[in-house]
Amino acid sequence: MTLRYTFLASTAALTLCSSQVFAQTKFPDDVVPSCQLTEKEWKSWVQIGTDITGLPPFGPVYGKESGLVYVFPPNGPGFSADAYDDCAFYKWSAQMFGWITSDVNAAAEMHTGRPGEDTQYVLSSNFFFGVSSPGNDANFLPQGAIKTHGVRTPKPVNADGTAQAGSSGVLLSQGANEVSKESSLVYGGVSTNRMYGYMAQRYQQAYTTPAGNPISFLQTGDQTCDLMDYAWENDFIDRSAVGLYFKDHLCGGGADPSMVDSKQDSPLTISDLETAIDYLSMSMLLKTTWVESSTLQHPEQYIQQMAVIPRYDKTSDTEWTVSQDDTPVALALVGMHVVGSVKGHPEMIWATFEHVNNAPSVPYEYNGTTPCATETGHCIYSDMAHQTGGSWLFSNGTTDTPNVMTAEVAASGNIKATSGNTIVPTNAVRETPFGNPTTAYDGAPTTPSAADKNTMLISLNKQVMGLFKKKDGSDPRANYFLSGSVWTDGTQWPNSPTDMSTTLGSTKLANTTAETFTQDQGCFNCHYDWMKDKAGKPVAATTTLSHIYGNFVNPPGQDTLIPVFDNAVTD
């Protein structure tokens with residue numbers, strides 16, 4: 001089958017196809033293309049190969065109603081990049097985001113539909129659990145259920161929940177558009193994939209590895225297969241002949257291709273590949289941020305989903321009173337943390353994505369195709385200097401007094417203005433673009449330079465956004481960019497909030513919509529601990545890096561762990 005999207009080796013400038021004038025994150029035209037997908041790599045994103053399935057290549061496939069091309073997750077158990085190959089980690093991040101935001105109801109035929117709030121994205125399908133975390137106790141929500149999202153609230157050090165890092169501050173959009181002058185609060189959610197859920201179930205049962213060490217996040221194919229066997233034995237995954245074939249093929253169980261003969265009269269579907277997709281994705285955790293779609297002039301430029309959110313009486317400008325309303329509303333994605341394990345990296349890769357309309361960045365360095373007239377030869381780019389009008393979603397268009405917390409969530413659940421302020425829209429900026437500080441940060445490595453890493457991220461973003469961009473502008477993934485990724489060499493990771501000497505990649509990574517008021521820190525400043533054995537020595541179990549792991553009061557069990565497509569729309 002011919003790929004629907006033309007492969008673009010160039011890094012041409014991107015714009016949104018819309019009559020609405022938005023200020024947006026743009027990228028310099030003269031950036032060195034130092035991190036690029038090959039045509040073979042892009043093909044592996046949209047086609048699952050014989051090396052994984054043992055069958056003829058499958059894909060590309062497209063959403064039956066949305067028309068979105070389905071991206072398969074990267075091969076976590078087969079990840080083999082050197083820890084110092086930054087580009088490989090950025091590519092993993094971009095591909096994983098592409099999968100998480102694919103339409104699970106995909107078929108081989110090309111479709112001309114458009115996505116909307118009813119599109120069943122992978123992140124809102126049975127591939128993922130929602131997580132609710134009242135206090136220090138975490139709860140799995142049923143797979144594929146309508147999610148419940150809350151506003152930013154203080155996060156205890158040992159519980160992620162729907163809270164965000166470091167503060168109780170409230171982020172409020174500017175609300176500047178022709179349809180609605182209303183601002184929207186930013187709502188947050190946490191999700192885990194099915195493999196993470198299987199691990200939590202085993203953890204609650206005091207499962208240990210044969211060596212007696214506590215379980216770590218998946219980092220090898222053998223560990224992944226061991227967990228899949230556990231899920232199979234407990235009826236958590238597809239037990240059909242096709243499901244058994246993929247489990248056996250991937251895990252050395254003597255798979256027989258004749259087990260899929262029943263599918264010869266009809267092509268394989270994403271549903272049939274459920275077991276293989278679980279294997280590829282390994283352990284995953286998502287943190288997402290959303291605004292109400294009704295406050296946007298063009299919500300179709302965003303990934304959307306239905307969710308339940310808290311409501312407020314907003315008659316006062318110093319305190320909004322919370323009320324209860326379980327009616328789902330359409331939300332639009334403005335930010336996402338993607339966290340996942342790969343072979344040799346139990347600490348996981350931590351990546352973050354933002355919508356291009358969110359907020360401007362402070363000026364940053366990059367490598368131009370022609371060196372610039374600066375002391376280092378690096379070029380300088382400023383979002384503010386390259387705007388031609390329009391408005392940002394979280395910025396008033398100036399850098400005056402940015403990232404000021406003017407309101408916060410009180411213990412009562414009400415939103416109150418901070419001292420001397422009223423509840424007003426936030427003026428936000430990206431303080432450390434792409435998470436790469438230009439000066440030493442808590443001992444973090446300074447090579448590659450910030451300019452080198454910025455260049456890699458910019459060149460990859462321009463290419464990937466171009467690959468998702470369709471002529472009719474209907475694929476919203478073209479409007480999101482990878483802000484950065486951080487990891488370690490896989491053998492050690494931070495055990496102190498002020499020692500980042502073991503971190504690699506975007507060492508000071510933050511998301512404007514999730515860490516608005518704490519951008520002076522990076523991921524591992526908060527997720528820095530490790531497990532130790534009885535002698536006090538660190539072991540390969542890194543589950544404490546995820547604060548919710550081990551805090552679940554309702555391990556998934558058979559009532560919530562179900563084959564991914566039991567509730568999917570199949571018509």
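A residue counts as buried when its relative accessible area is under 20%. Lys147 falls on that side of the cut-off: its relative accessibility is 4%, so it is buried. This is a good place to start a tour of the structure, which is a predicted model.

Lys147 sits in strand E5, which covers residues 147-148. Leaving aside residues up to four places away in sequence, Lys147 touches Leu123, Ser124, Gly130, Ser191, Gln305, Met306, Ala307 and Val308. Phe129 is 18 residues away from Lys147 along the chain, and the C-alpha atoms of the two are separated by 9.1 Å.

Stepping back to the whole chain, there are 571 residues, and 61% of them count as buried. The secondary structure adds up to ten helices and 20 strands. Among contacts with a separation of 6 or more, 75% come from residues 24 or more positions apart.

Two pairs of helices are worth a look. Take H3 (residues 86-100) and H8 (residues 450-468) to begin with: their axes lie 10 Å apart and make an angle of about 30 degrees. Angles under 35 degrees count as roughly parallel, and H3 and H8 are therefore roughly parallel to each other. Their crossing is right-handed. On the H3 side, the contact is made by Asp86, Cys87, Tyr90, Lys91, Ala94 and Gly98, while H8 brings in Lys453, Met456, Leu457, Leu460, Val464 and Phe468. Sorted by class, the residues of this contact come out as eight nonpolar, one polar and three charged.

The other pair is H5 (residues 221-233) with H6 (residues 241-250), where the angle is about 155 degrees and the axes are again 10 Å apart. That angle makes H5 roughly antiparallel to H6, since anything over 145 degrees is counted that way. The crossing of H5 and H6 is left-handed. Cys225, Met228, Asp229 and Trp232 of H5 meet Gly243, Leu244, Lys247 and Leu250 of H6. In the contact of H5 with H6 there are five nonpolar residues, one polar residue and two charged ones.

Helix H7 is mostly covered, with eight of its eight residues buried. These are Glu274, Thr275, Ala276, Ile277, Asp278, Tyr279, Leu280 and Ser281. One of them, Asp278, is joined to Arg194 by a polar contact of 2.9 Å between their side chains. Arg194 belongs to helix H4, residues 194-204. With a relative accessibility of 0%, Arg194 counts as buried.

Now for some backbone oddities. Most residues other than glycine have a negative phi, and most peptide bonds are trans. Right after H7 comes Met282, with a positive phi near 55 degrees, even though Met282 is not a glycine. Met282 lies in the loop that runs between H7 (274-281) and strand E8 (284-292). Its relative accessibility is 0%, so Met282 is another buried residue.

Asn403 also has a positive phi, near 55 degrees, and it too is a residue other than glycine. Asn403 is found between strands E15 (379-381) and E16 (407-409), in the loop that links them. The relative accessible area of Asn403 is 10%, which means that this residue is buried.

The peptide bond from Gly59 to Pro60 is a further case: it is cis, with omega near 0 degrees. Pro60 is placed in the loop between helix H2 (50-53) and strand E1 (62-63).

Another proline, Pro445, belongs to the loop between strand E17 (415-417) and H8. Pro445 has a relative accessible area of 29% and is therefore partly exposed. Apart from residues up to four places away in sequence, Pro445 touches Met500, Ser501, Thr503 and Leu504. Met500 is 55 residues from Pro445 in sequence, yet the distance from C-alpha to C-alpha is 8.1 Å.

How values were computed. Residues numbered from 1 in each chain as written. Predicted model: local features only at pLDDT ≥ 70, side-chain atom pairs only at ≥ 80, totals over all residues. Heavy atoms only, no water. Axes fitted to C-alpha atoms, helices over the stretch in contact; angles between N-to-C directions. Helix = DSSP H or I, 4+ residues; strand = E, 2+ residues; numbered from the N terminus. Parallel < 35°, antiparallel > 145°, perpendicular 65-115°, else oblique. Left-handed = near helix turned anticlockwise from the far one by under 90°. Contact = heavy atoms within 4.5 Å. Nonpolar A, V, L, I, M, F, W, Y, C, P; charged D, E, K, R; others polar. Buried < 20%, exposed > 50% of the residue type's maximum accessible area, 1.4 Å probe, protein only. Polar contact = N/O pair within 3.5 Å; in protein donor to acceptor, adjacent residues only side chain to side chain.
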